[in-house]
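Open the model in your viewer and have the selection tool ready. Shall we take a walk through it, stop by stop?

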Amino acid sequence: MSTYGKKYDVIVVGAGHAGCEAALAAARMQAKTLLLNLNLDAVAQMSCNPAIGGLAKGHLVREVDALGGQMGLAIDIAGIQFRTLNTKKGPAVRALRAQADRVVYSRYMKRIVENYPLVDLKQGSVKELKVEGERVCGVVTKDGIEFEGNAVILTTGTFMQGLIHVGLDHYAGGRGGEPPSDGLSDQLKSFGLQVGRLKTGTPPRIYSGSIDYTKAQRQPGDNPARPFSFMNKPVVRHQVCCYITETNEATHEAIRGGLDRSPLYSGVIEGIGPRYCPSIEDKIVRFPEKLSHQVFLEPEGLDTAEVYPNGLPTSLPADIQLKFLRTIPALANVEIMRPGYAIEYDYVDPIQLRNSLETRTVSGLFHAGQINGTSGYEEAAAQGLVAGVNAVQYLRNSEPLVIGRDVGYAGVLIDDLVSLGSKEPYRMFTSRAEYRLLLREDNADQRLTPIGRKLGLVDDVRWRLFNDKMEARERGQKKLNGSRVRPGDVELLKQLGIGEMKNGQSFAELLKRPDISIEQLANVDGKICRLYSQAKGTGRAK
């Protein structure tokens, strides 16, 4: 064994979405940080769907951004289609989702972390934690290199004792084409931590040139599109089109015919799968009354022919995968580029964590991401940022960052995990947040940016843009309160689509009407239009 000879404040194990946010948060707080990953060419990989955001998940991305995190900036750079979901519902439950060029996203994040001051990005597989007494003090890699650190954050994703299943065949792996991480699970058990087994899956990747898009429904993006980051202006570049198709009874019959070779139904897989994103074979068995299931055809990037058929995660044998795919008219001649698979992995029940994400049994050891039983890039990023902050707060003997359930979805997520534990992959939903009417995507900066500034996460540029927005918002509020429409303002009433009015009202009072929007008022008042544009926080990317 050899000692590297450099002592770090914080060591982050795993450079996925949780690990990158954890390392950057710690470094922004001036901590010397080591970020270790099994493969330096696989930083911030989109192992499953090539997308960021969605219902409730988009809220998490905006909260990470409001706290000074990187995910929002990354998807704004790598996004190839942006869509706002739930537009027919209230603003509290609307959410932004973006398709990503998965290669561009990964390269961007790698460039950020490997060049960020105080972050050392290195390749290495951690086999053991160094512990003195009840306090962590470093890690040891399979190469026999010992790194010293005063706090360690484990963001191991699906790599701990990872086992990949394709039909009845299985092999060790943390992700398709990559080895698992062995050794850590047993050591964590020796610390008294309860380690369990979970399962997730991914669809096959299919060749775009073999898809008949004329038999699928087009799904264009928004134009112009809202960015995720409060630092950026609306997205106006060219966006790709996604498509929607669906399974049918022939698809379901082909799947049922292959269940005897399914690891899920033959007892090979022991881990508990995600309830809200089940495999296609699980959908067919659990919901036999449903005649079809939607499939979203999503491109994986601008420079690849791979397409992700969202809605078809499976661990069936490759020949059954091809058979059931070809029962869908748009995919009648489809070619599989990579088969879908299921993966089992070890996780640590998060009920054993403090609300700072520090383990209760080992001081200075923090967990974030799928090791805590969660699913999703967005849930991982939010946990990673909080763990990174709290690792530094731990070193400083300062109060940890604890986001209240009434302050952010990140607070709901972490409170659910540490209070209730997780027996299945946890996914964020707006229904989990009892204060969801207050926790909109558009006010994440108002809720969290001052907190990020106080911690040292928010730089001067972001802070100036935030203050400019808040000043414009205050001026706009005064303008709305001071501007009135009277019963005799016939032309103005006509422009606003209002019939007769008995009493005058301020513009602020008009906004309480469900049929009146701020955009309408901006169209009839130039000053409101200018203030509204400023208050929307149209910043610029760094």
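Here is a short tour of this predicted model, going from whole domains down to single residues.

**Stop 1: the domains.** Begin by colouring three selections. Domain 1 covers 7-199 + 345-455, domain 2 covers 205-343, and domain 3 covers 460-536. Notice that domain 1 is written as two stretches of the chain. Now look at domains 1 and 2 together: their centres, taken over C-alpha atoms, are 26 Å apart. Where they touch, domain 1 contributes 57 residues and domain 2 contributes 54 residues.

**Stop 2: a sheet of six strands.** Next, show the strands in the order 14-15-16-17-13-18; they make up an open sheet with antiparallel pairing. Which strands stand at the edges? They are strand 14 (217-219) and strand 18 (336-338). Each has a single partner strand, so one of its sides has no neighbour in the sheet. On average, and ignoring direction, neighbouring strands in this sheet are turned by 35° against each other.

Zoom in on strand 13 (residues 205-207) beside strand 18: two bridges link them in the antiparallel sense. Select Arg 205 and look across to strand 18, where Arg 338 is its bridge partner. As a reminder, strands of a sheet pair through backbone hydrogen bonds, either parallel or antiparallel.

**Stop 3: a hairpin.** Move on to strand 7 (residues 126-132) and strand 8 (residues 135-141), which run antiparallel and are joined by six bridges. Pick Val 131, and you will find Val 136 of strand 8 opposite. How many residues lie between the two strands of this hairpin? There are two, and Gly 133 in the turn has a positive phi of about 65°.

**Stop 4: helix 11.** Finally, select residues 444-455, the 12 residues of helix 11. At 1.5 Å a residue this helix should span 16 Å, and its end C-alpha atoms are indeed 16 Å apart, so the two values agree.

Now show the side chains of Ala 444, Asp 445, Arg 447, Leu 448, Thr 449, Gly 452 and Leu 455, which are buried. Turn the view to look down the axis: the buried residues of helix 11 fall within an arc of 165°, so they line one face of the helix. A general rule helps here: an α-helix has 3.6 residues a turn, so residues three or four places apart point the same way.

What covers these buried residues? The cover includes helix 2 (57-66), helix 9 (377-395) and helix 12 (460-482). For a last click, choose Gly 456 just after helix 11, where phi is positive at about 95°.

Terms used:
Residues numbered from 1 in each chain as written. Predicted model: local features only at pLDDT ≥ 70, side-chain atom pairs only at ≥ 80, totals over all residues. Heavy atoms only, no water. Helix = DSSP H or I, 4+ residues; strand = E, 2+ residues; numbered from the N terminus. Expected span 1.5 Å × (residues − 1). Buried < 20%, exposed > 50% of the residue type's maximum accessible area, 1.4 Å probe, protein only. Arc of directions from axis to C-beta. Contact = heavy atoms within 4.5 Å. Pairing = 2+ DSSP bridges. Axes fitted to C-alpha atoms, helices over the stretch in contact; angles between N-to-C directions. Domains from an automatic or database assignment.
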